[in-house]
Amino acid sequence: MSATSLENPIYGLMAEFDTPQELLTAAEKTHGAGYKQIDAFSPFPVEGLADAIGFHKNSVSLVVLIFGIIGGLSGYLLQYYVSVISYPTNIGGRPYHSWPSFIIVTFELTILLGGISAAVGMLALNGLPMPYHPVFNVPEFARASDDKFFLVVFSTDPNYDAARTREFLRGLAPRTISEVPA
Amino acid sequence: MATNTQIPVEVPIEDQRAPVIEPGHTFSTIGEKVSNIVMKRPVSLGWVFGFLVMFSLTNMLLMAMGYLFLKGTGIWGITIPIGWGFAIINFVWWIGIGHAGTLISAILALLRQSWRNSINRFAEAMTLFAVACAGIFPLIHTGRPWLAYWMFPYPNSMNYWPQFRSPLIWDVFAVSTYGTISLVFWFVGLIPDLATMRDRAEKPAIRRIFGMLAMGWRGSARHWHRYETAYLLLAGLATPLVLSVHTVVSFDFAVSIVPGWHTTIFPPYFVAGAIYSGFAMVLCLAIPIRAVYSMEDFITMRHLENSGKVMLATGLIVAYGYGIEAFMGWYSGNTFDSFLLWNRLHGPYAPWYWSLLASNIFIPQLLWLKKFRTSTFWLWVISLIVLVGMWLERFIIIVVSLHRDFLNSAWGMYYPTKWDWMTYIGTIGMFLTLMWLFVRVLPMVSIAELRTLLPEAHVHEAEEVHK
């Protein structure tokens with residue numbers, strides 16, 4: 001990159017669209033044209049959009065699985081430790097390790113940890129909370145949560161070139177194209 | 001092909017019903033309409049008046065609780081043999097009402113019922129507030145509520161641990177998990193809408209508050225992808241949870257040997273009853289809210305009618321539960337069980353049992369008729385009756401079973417005191433105070449989810465798949 005762009009760093013180029021269909025088609029074309037470091041923004045989830053920008057798998061389910069198992073195990077082991085080792089009490093002549101009675105707390109703690117990890121894991125993997133993000137520097141982006149759809153090609157993409165990328169995006173017939181200051 | 005003959009087009013059943021969102025809306029108008037209630041709509045005199053009334057009732061609750069902490073549970077009507085009175089009745093009633101929110105948001109989400117999208121937000125809020133009201137009762141009925149944390153397992157200097165074979169400890173885990181997961185679910189659903197509110201806010205202070213709550217949500221496709229996975233998993237986890245909570249509540253009774261409690265029908269019948277009263281509360285709130293805030297475009301007759309149908313179905317399961325209880329009273333040949341049946345029908349609380357049958361079984365049968373299902377007035381009235389009926393059901397289960405059990409010498413009667421009533425009515429005040437505030441400070445329907453219902457939101461992918 002040239003010296004000027006180091007002084008005024010550019011996050012990328014942003015194209016604005018009117019409909020989710022236009023955004024999806026544009027995202028597919030951009031990805032197909034070799035731009036791999038791109039992102040798309042929409043006010044609601046658009047089916048297939050993540051696929052179109054080359055994001056196929058996320059690890060939220062894995063996080064939930066791990067924490068669900070931790071929750072279940074800790075629930076059961078806690079009850080085992082309490083009822084058998086630390087504080088054994090004879091309740092109605094039942095064995096100390098009366099596992100049927102332990103099912104419910106085990107189940108609840110599986111759900112509790114799994115559920116919390118789903119929310120926290122999703123936020124953490126998304127990098128949220130994030131108080132500052134360059135895309136908000138573009139005034140048009142205020143409508144990304146309303147009725148406009150945006151595609152961003154990051155300046156870190158190896159194929160990125162301010163003039164050529166802008167020319168390419170223009171070919172996708174967006175409403176506006178803006179440079180996103182970092 | 002191009003003939004002028006009129007071919008009668010058969011309208012599919014799907015299209016004959018009221019739509020889930022009225023036509024004429026765009027992505028923008030949905031956000032505008034929902035956010036304007038919070039941002040633009042002036043505070044009306046009616047709202048202030050209602051708020052003051054509800055807030056006074058909340059203060060009455062605080063007074064009743066203050067006096068209770070001072071004097072102990074002796075100020076209530078509980079005695080021996082009726083050691084469980086209003087506190088447990090109200091706990092079960094409130095936690096049951098809370099079930100509709102999670103049912104709508106989790107189970108209907110898994111079943112891909114698009115009509116849930118405009119009522120899930122406030123049904124979830126209702127769940128949270130109902131669980132908050134429910135949580136008060138087990139806390140204050142312990143007698144020494146400042147030691148209620150003893151119910152949680154934590155290492156302590158007394159070398160003591162909770163007793164994990166007790167349904168009451170299961171309840172602690174079930175209800176606290178339920179409250180937490182409901183809150184998480186509700187908040188995850190709110191995040192994209194908080195971003196919409198942030199971007200629509202005109203006042204910097206309000207923008208800052210919503211901005212902090214939205215945590216920098218920007219609608220990235222990667223974020224949405226993880227978000228949808230997380231939401232689906234939460235729905236999947238909340239579904240067995242919602243079914244388990246009232247099951248565990250019913251274990252509080254079913255695990256004991258008291259006639260009228262010791263029965264295996266309790267778990268399914270409690271869950272059905274919970275959803276029944278929950279939908280009744282949803283209708284009770286949705287009908288006035290949609291009229292006052294002109295939300296008819298989003299909460300259409302389809303939603304009200306479907307809720308009516310859910311009430312009808314769950315009401316029939318509840319009726320089956322009553323039927324089995326009565327049948328087993330006769331068929332088991334057990335003296336105490338058949339006496340319980342006789343006592344319900346002819347004993348001192350018989351008028352309440354008959355009112356319960358009327359309000360939970362007979363009157364709701366009107367919902368078979370489309371005329372009643374599509375009339376907001378009748379739906380509202382029937383919902384209110386069901387709410388009263390479900391409260392009576394818990395009263396009958398708890399008081400009537402306890403007041404005459406095995407030994408005649410241990411029989412008694414239950415008379416709630418004014419403190420019982422003040423606490424109960426106070427929680428209704430607290431619940432409504434929270435609803436009152438909720439509709440004015442947060443988007444009461446899910447903006448992002450409503451947008452996905454618009455035809456413009458549907459896309460088709462290109463033929464080639466990029467690797």
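Colleague: How many residues does each chain give to the contact?
Modeller: Chain B gives 52 residues and chain A gives 65. Two residues count as in contact if their C-beta atoms, placed from the backbone, lie within 7 Å. This is a predicted model: local features need pLDDT of at least 70, side-chain atom pairs count only at pLDDT 80 or more, and totals for chains, interfaces and linings use all residues. Residues are numbered from 1 along each chain as its sequence is written, while chains are lettered from A and ligands numbered from 1 in the order in which they are written.

Colleague: Which elements give two or more residues to the side of chain B that touches chain A?
Modeller: They are H2 (27-39), H7 (167-200), H9 (221-254) and H17 (447-451) of chain B. H9(B) gives the most, 16 residues. Helices are DSSP runs of H or I, at least four residues, and strands runs of E, at least two, numbered from the N terminus.

Colleague: What makes up that side of chain B, by class?
Modeller: It has 27 nonpolar, 16 polar and nine charged residues. Nonpolar covers Ala, Val, Leu, Ile, Met, Phe, Trp, Tyr, Cys and Pro; charged covers Asp, Glu, Lys and Arg; the others, Gly among them, are polar.

Colleague: Why are H9(B) and H10(B) called oblique to each other?
Modeller: H9(B) packs against H10(B) (residues 266-292) at about 125°, with axes 8 Å apart. Roughly parallel means under 35 degrees, roughly antiparallel over 145, roughly perpendicular 65 to 115, and the rest oblique. The pair is therefore oblique. Its crossing is right-handed. Residues in the contact include B:Leu243 and B:Phe253 of H9(B), and B:Phe266 and B:Val271 of H10(B). By class, the contact has nine nonpolar, three polar and no charged residues.

Colleague: Why are H5(B) and H9(B) oblique as well?
Modeller: The axes of H5(B) (residues 99-110) and H9(B) come within 8 Å and cross at roughly 140°. H5(B) and H9(B) are therefore oblique. This crossing is left-handed. Among the residues in contact are B:Leu103 and B:Ile107 of H5(B), with B:Ala238 and B:Val242 of H9(B). Eight are nonpolar, six polar and none charged.

Colleague: What is the average pLDDT of chain A?
Modeller: Chain A averages 86, and 96% of its residues score at least 70. pLDDT is the predictor's confidence in each residue, from 0 to 100. Among the elements of chain A, H1 (residues 3-7) has the lowest mean, 50, and H4 (residues 60-86) the highest, 94. Over residues 1-5 of chain A the pLDDT is below 50. Beyond near neighbours in sequence, that stretch has two contacts in the model.

Notes: Axes fitted to C-alpha atoms, helices over the stretch in contact; angles between N-to-C directions. Left-handed = near helix turned anticlockwise from the far one by under 90°.
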